[in-house]
Amino acid sequence: MEDGISAPCPRCARPAAAADRFCAGCGAELSPACARCGRQLTAGAAYCTACGAAVGPVQAATPQEDRRRISVLFVDLIDFTPYVESSDPELVRGMQTGFFSAARRVVGQYGGVVEKYIGDAVMALFGAPVATESDPLRCVRAGLELQRVLTGFAGDLRFRVGVATGEALVDVSAARDGGQAIVAGDVVNTASRMQAVAPPGGVLVCGTTYALTRNQVRYAARPAVTLRGRSSPTEVWLAEAPLRVARADRAPDATPVIGREHELRLLDNALHRALQDRAPQLVTLFGHAGIGKSRLVRELHALALSASPEEAAPAVTWHVGNCPPFGDDVAFAALADIVKAETGILDTDTAPAAARRLEETVAGLVPQAEAGRLLDALRPLVGLDGSRMPAEEAESAWRRFLVALAARRPTVLVFEDLHWAGETMLRFLELLAASARDVPLMLLCTARPELLDQAPGWAGTSSLAITLPPLPDAGIATIYSHLFGRGPVSADMLGPLVEVADGNPLYAHEFVRMLIEQGALRQSGRGWSLDAERELPMPDSVHGVIANRIDLLDRDDRQVLLAASVVGASFWPGAVAAALSRPVEWVERCLRRLEQRDFVHERTQSTIAGQAEYRFRHVLVRDVCYRRLPHTERVARHERTADWLDALSSTRDTDLAEVLAHHRWAAHDMAGRLGVRAERHAVAAREALHRAARRAYALHALDAAAAHAERALALPGIPGLDLELLAAEISFHRLGSLDVASLTSLAQRLFGAGDHAGAARAWTLLGQAAWVRADRSAALASLDRAVELFDALPDSAQKADAYAELGRLHMLNYEREPAIQAAAAAAEMAERLGAVEVAANARITVAAARYQAGERAGLDELHEVTTFCRDRRLLALPAPCRTSPGRYARRATGSAPTRCSAVAPTRVCS
């Protein structure tokens, strides 16, 4: 044994040499002994339990830094220098020892850590290495207790205490050892400066600490002071004494199903009306984060699946779509979730496989005449290329798909976290609810109250709006009884737990779990018992409770949880492993433990083949974890996550394209704010944002597409010409105008770079913009140039669009032959390519031009196109019956107006 001597053999007592692993007399395995005292060591021991000697070389602790909210306390001895000058050194040393000992004892009593001793001052931290929701309160109470304990200490000497609360970078490994220099941040300077201006015998706190503890501590107002080195005054309060508070105001945040019987009955009634009476319902569950909205949805799902056989209820189609917390970064993600769930498409499927599944699903829902139209509209939602169509047409087709689902079988569509959705998604749901008739369809939305700030009329739009209130004390007590099972619970123990929950079921759940994990709450044969010696911290927010649970995790599990927060609310083991540069198997073991502790849960379906998909139990857990990571760690982990996603989604633009853009942009943005050269992140970020802009543009989410494109163009370096062209096209269709000089220059640069297709598309946009300005000559010149460039290129939807635009321009100027020639070429090309809108536009142009020339065939063609539009539900197409020749045709034939609504100067494709 290199690190110690061997004890005698425990079986035969034969002496053993230091290098022996087994006994030479009986073959028994030998245990090592401490080299200093000879005490037998247990397997894996790092230190001797008798003398404290290290078994092997002491390894320096690897820093474990994270960002966290902490409270810092400074206590300083006043007039220490005069005291030292007039006192014997032994008295000074005794005074210092007593002072430091008292400070260490009081700080430890209130759960703090002494960070350092500085001559005549002591600095302590609360919130590291383990955070609790009551860190600021314990810090202030420790300051008050120090002043009480130190009163009369060493004669007339007096002390000042300063307390500040804020974010800091903390070396958690050093904090566990009580090491030095474990914290960095302005909060340390603030606490030191406040101590310097505190009155003798007083505890002065900052405004943040006061706000977090004002219900538990009595304060005296003090004038704002300008601290040394600061340019503006700082709010300060003087702590006087702790308060005995009955209970804090209720802050609803989460709840189990207990106490929600009324709301569940309302949901069940709405479900019955939707599915049995075939009266579509739009229901919205409002509540703060974690209030229990998702739990109610799960309970309603169980009710829907447990219909009695006597009702002969058919199976219910139940799909859930999540609006992700990236705001507009992921357009129509909830709708895409639902479509992919119905079709069985995974993000890792190849394009042919995804197309095949989509076609099979659509074929089973709608007649063949409508199938092509629906496929074209749905393809962008599942990451496949599709022909461009107006936003209202695409959304109309999406609504048709969902209504067809309900017509086939009773359907419930759940849209979770609707407060993250954009205006287009809200409008889509509103129109879906208004247009659905006589189908068993229920649209169930969950949202935080912030949705009403974004869309004040949403509650009125819903058939039923339910707001979840906090639970009464009786409901919280019932939750505790449910958590404790059949074991008896004393009123003395239940009372403090009900009080600390404060009407918030999530507080109750998280607090009980924390106490059990700490060992303060135990179950025995006589029931549950709570360690009365431990003070129950009073949670001021769910953040504190969750932060405490995170700190109590094993180091490996905590690393995985923090890395998962970078990936997103939903994540995959492979992505987390990439972020940490660790094996996937190691991550999966950690995730299984985290699932047992109820931090995460595995979803029943994954959008990535071969990867289990996990989700945080509460988004607040993810938020706390993400804020813990230092910015340098965030940069590295966003970059690694993006690399992993990029390898999966490089073949087509799926929802992952916009998630990828989020990670690339976050890595670049944070690197820049850290003062690090961010140029190396710019290229990848620009490419990802370009893909995200294409994805959003394909789904008609113009605001999101424009935001992505603008971010990409603003990055350092020279953007690609194709990105500039996409940004110009998005801007034109979003704002209705464009910079003619800039786009003309871009067209010339595209041509000079050899991108003739891009140049032709630019000239097409210039022609459309000129027509909007009523500049016929400029429009004709631009479109002629576009067609000239396209002539030498393979057929494409953009080429057909250019020909159709040119033909329409000639037709509106009564130039028959050029109109028919260009439009006929566009129609033939578009039909061959499957571009339905372009083909219909071109046929309208041909028919209108012939009718203008007095040909009866033109009128027949107009009727044919009208039928074509009606059969394919092209509601936004220009109606042939409302063009100038169409109006004459109605007078001559008495035909009724069609459902098409646009007038002649409008066009099919935007």
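How many helices and strands does the protein chain have? Here are some notes to help you find your way around this predicted model.

1. **Overall make-up.** The protein chain has 36 helices and 20 strands. Of its 910 residues, 53% are buried. The accessible surface comes to about 39500 Å², and carbon and sulfur atoms account for 50% of that. If you look at contacts between residues at least 6 apart in sequence, 68% of them join residues at least 24 apart.

2. **A five-stranded sheet.** Try tracing the open sheet whose strands come in the order β12-β13-β14-β11-β15, paired in parallel. At its edges you will find β12 (317-322) and β15 (464-467); each has a single partner strand, so one side of each has no neighbour in the sheet. On average, neighbouring strands here are turned by 15° against each other, direction ignored.

3. **One strand pair in that sheet.** Strand β11 (residues 281-286) pairs with strand β14 (residues 441-447) in the parallel sense, over six bridges. A handy spot to look at is Thr284, which stands opposite Cys445 in β14.

4. **Helices against the sheet.** Helix α7 (residues 261-275) lies across β11, β13 (411-416), β14 and β15, and runs at about 150° to β14. Helix α8 (residues 293-305) also packs on the sheet, where it touches β11, β12, β13 and β14. The direction of α8 makes about 160° with that of β14.

5. **A helix pair.** Two packed helices are described by the angle between their axes and the distance between the axes. For helix α33 (residues 816-833) and helix α34 (residues 836-852), the axes come within 8 Å and cross at roughly 155°. Angles over 145 degrees count as roughly antiparallel, so α33 is roughly antiparallel to α34. The crossing of α33 past α34 is left-handed. Residues making the contact include Ala819, Ala823 and Ala827 of α33, and Val838, Ala842 and Ala849 of α34.

6. **A cis peptide bond.** Take a look at the bond joining Ala128 and Pro129: it is cis, with omega about 5°. Pro129 sits in the loop between β5 (121-126) and α3 (135-150).

7. **Positive phi values.** Asp417 is not a glycine, yet its phi is positive, about 60°. You will find Asp417 in the loop between β13 and α13 (423-435). His700, also a residue other than glycine, has a positive phi near 65°. The loop between α26 (679-698) and α27 (702-714) holds His700. Is His700 buried or exposed? With 7% relative accessibility, His700 counts as buried, because the cut-off is under 20%.

Terms used: Residues are numbered from 1 along each chain as its sequence is written. This is a predicted model: local features need pLDDT of at least 70, side-chain atom pairs count only at pLDDT 80 or more; totals for chains, interfaces and linings use all residues. Side-chain values use heavy atoms; hydrogens and water are left out. Helices (H or I, at least four residues) and strands (E, at least two) are DSSP runs, numbered from the N terminus. Buried means under 20% relative accessible area, exposed over 50%, partly exposed in between (1.4 Å probe, protein chains only). Contact means heavy atoms within 4.5 Å. Accessible areas come from the Shrake-Rupley method with a 1.4 Å probe; for residues, only the protein chains shown count as cover. Two strands pair if DSSP finds at least two bridges between them. Axes are lines fitted to C-alpha atoms, for helices over the stretch in contact, and angles run from 0 to 180 degrees between N-to-C directions. Angles under 35 degrees count as roughly parallel, over 145 as roughly antiparallel, 65 to 115 as roughly perpendicular and the rest as oblique. A crossing is left-handed if the near helix is turned anticlockwise from the far one by less than a right angle, and right-handed if clockwise.
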